Amino acid sequence: MFIPEQSFDALIKMQMERFKEPMLNCVDRVSEELIRMIQNCGDKVQQEMKRFPLLFDHIHKIVSTMIITKTEETADFVKQLLDNELAFINTRHPEFIKSAELLKALGEDPDHALQQLRKGSGDAKSKLTNYRGNLTSHEKRDYLIIERLIDQYFHIAQNSIKDRVPKAIMNCLVNYIFEHLHSELMAGLYDQTDVDKLLAETEDLARLRKETEDMLKALNKANTFLSEIRSIKV
């Protein structure tokens, strides 16, 4: 059984396409965690949020927009990482070449086995599928060799993705938000013309403040009245 390099590449790419969904899920989960952190700030911040809800809503909008924008850019970059892996199947990768040792253990000449990746014709996928049934001893050996080579390269690509995706997320999303959040907030808040509206308190808080002020005035008057009574000499 001879497997051409083009068919070998196609089989590898079919497996590597499975990386896309978990890679993007990883980006989304980090983004969701960043938004959750905004919504669950410290107690002191929470109190200020309740005091100035319009200001908090505006801040939340600025930060959320920033996170969503960078999440989309990060997702595009992560997709590009996978596209780079799919663009060129490097069968001369040092780790892949080491698989020749495995082929020796199978009793196969390494040079002959690796040549199988670049010779022959036909669709490798159909061959690997159709030959699962009645295989000669030579075909079984070839089938096992190709299976091991595909598995070997898949794990090489998997390790590369596992290393590069977290780094991309930290660089493009987490660290960027951390480094530019202050400037984005300043630009967004100072651009708001109606600052007084943002600093407006809620109706309940304004009413409570008015009642407290009225109570304070009444107590001051009562204190003054009592002081005058104590000063009267009988």
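**Figure 1. Helices H4 and H9 lie roughly antiparallel to each other in this predicted model**. The axes of the two helices come within 9 Å and cross at roughly 155 degrees. Angles over 145 degrees count as roughly antiparallel, and H4 and H9 are therefore described in that way. Their crossing is right-handed. By class, the residues in the contact of H4 with H9 are 21 nonpolar, seven polar and four charged. H4 covers residues 53-87, and H9 covers residues 137-190.

**Figure 2. The whole protein chain, as a setting for the close-up views, is built from helices and has zero strands**. The count comes to eleven helices, and from the N terminus on the order of elements is α-α-α-α-α-α-α-α-α-α-α. The chain has 234 residues, of which 29% count as buried. Among contacts in the chain with a separation of 6 or more, 88% join residues 24 or more positions apart. The accessible surface is about 15800 Å². Carbon and sulfur atoms account for 55% of that surface.

**Figure 3. Glu85 of helix H4 touches residues that include Ala157 and Arg164**. Glu85 is found in H4. Its relative accessibility is 13%, so Glu85 counts as buried. Leaving out residues up to four places away in sequence, Glu85 is in contact with Met16, Ala157, Ser160, Ile161 and Arg164. Of these, Met16 also belongs to the H1 side of the contact between H1 and H9, and Ala157 to the H9 side.

**Figure 4. Arg164 of helix H9 is partly exposed**. The relative accessible area of Arg164 is 33%. Arg164 touches Leu81, Asn84 and Glu85, with residues up to four places away in sequence not counted. The C-alpha atoms of Arg164 and Val78 are separated by 8.7 Å, while along the chain these two residues are 86 residues apart. The contact with Glu85 joins a partly exposed residue, Arg164, to a buried one.

**Figure 5. Val165 of helix H9 is buried**. The relative accessible area of Val165 is 4%. A residue counts as buried under 20%, which means that Val165 falls in that class. Beyond residues up to four places away in sequence, Val165 touches Met23, Val78 and Leu81. Met23 is one of the H2 residues that meet H4, and Val78 is one of the H4 residues on the other side of that contact. Lys79 and Val165 are 86 residues apart in sequence, and their C-alpha atoms are 9.6 Å apart in space.

**Figure 6. Helix H2 packs against helix H4 at an angle of about 165 degrees**. H2 spans residues 20-39, and the axes of the two helices are 10 Å apart. The angle makes H2 roughly antiparallel to H4. H2 passes H4 in a right-handed crossing. On the H2 side the contact has Lys20, Met23, Leu24, Val27, Asp28, Ser31, Leu34, Ile35, Ile38 and Gln39. These meet His60, Val63, Ile67, Thr71, Thr74, Ala75, Val78, Lys79 and Leu82 of H4. The contact of H2 with H4 divides into eleven nonpolar, five polar and three charged residues.

**Figure 7. Helix H1 crosses helix H9 at roughly 50 degrees**. H1 takes in residues 5-16, and its axis comes within 10 Å of the axis of H9. The angle makes H1 oblique to H9. The crossing of the two helices is right-handed. H1 contributes Phe8, Leu11, Ile12, Gln15 and Met16 to the contact, and H9 contributes Leu149, Ile150, Tyr153, Phe154 and Ala157. By class, the contact of H1 with H9 has nine nonpolar residues, one polar residue and no charged residues.

**Figure 8. Ile89, in the loop between H4 and H5, is buried**. Helix H5 covers residues 94-97. The relative accessible area of Ile89 is 3%. With neighbours within four places in sequence set aside, Ile89 is in contact with Phe8, Asp9, Ile12, Lys13, Met16 and Tyr153. Phe8, Ile12 and Met16 are among the H1 residues in contact with H9, and Tyr153 is among the H9 residues in that contact. Ile89 and Ala157 are 68 residues apart along the chain, and their C-alpha atoms are separated by 9.3 Å.

Technical notes: Residues numbered from 1 in each chain as written. Predicted model: local features only at pLDDT ≥ 70, side-chain atom pairs only at ≥ 80, totals over all residues. Heavy atoms only, no water. Axes fitted to C-alpha atoms, helices over the stretch in contact; angles between N-to-C directions. Helix = DSSP H or I, 4+ residues; strand = E, 2+ residues; numbered from the N terminus. Parallel < 35°, antiparallel > 145°, perpendicular 65-115°, else oblique. Left-handed = near helix turned anticlockwise from the far one by under 90°. Contact = heavy atoms within 4.5 Å. Nonpolar A, V, L, I, M, F, W, Y, C, P; charged D, E, K, R; others polar. Buried < 20%, exposed > 50% of the residue type's maximum accessible area, 1.4 Å probe, protein only. Areas by Shrake-Rupley, 256 points an atom, 1.4 Å probe, with all protein chains shown as cover.
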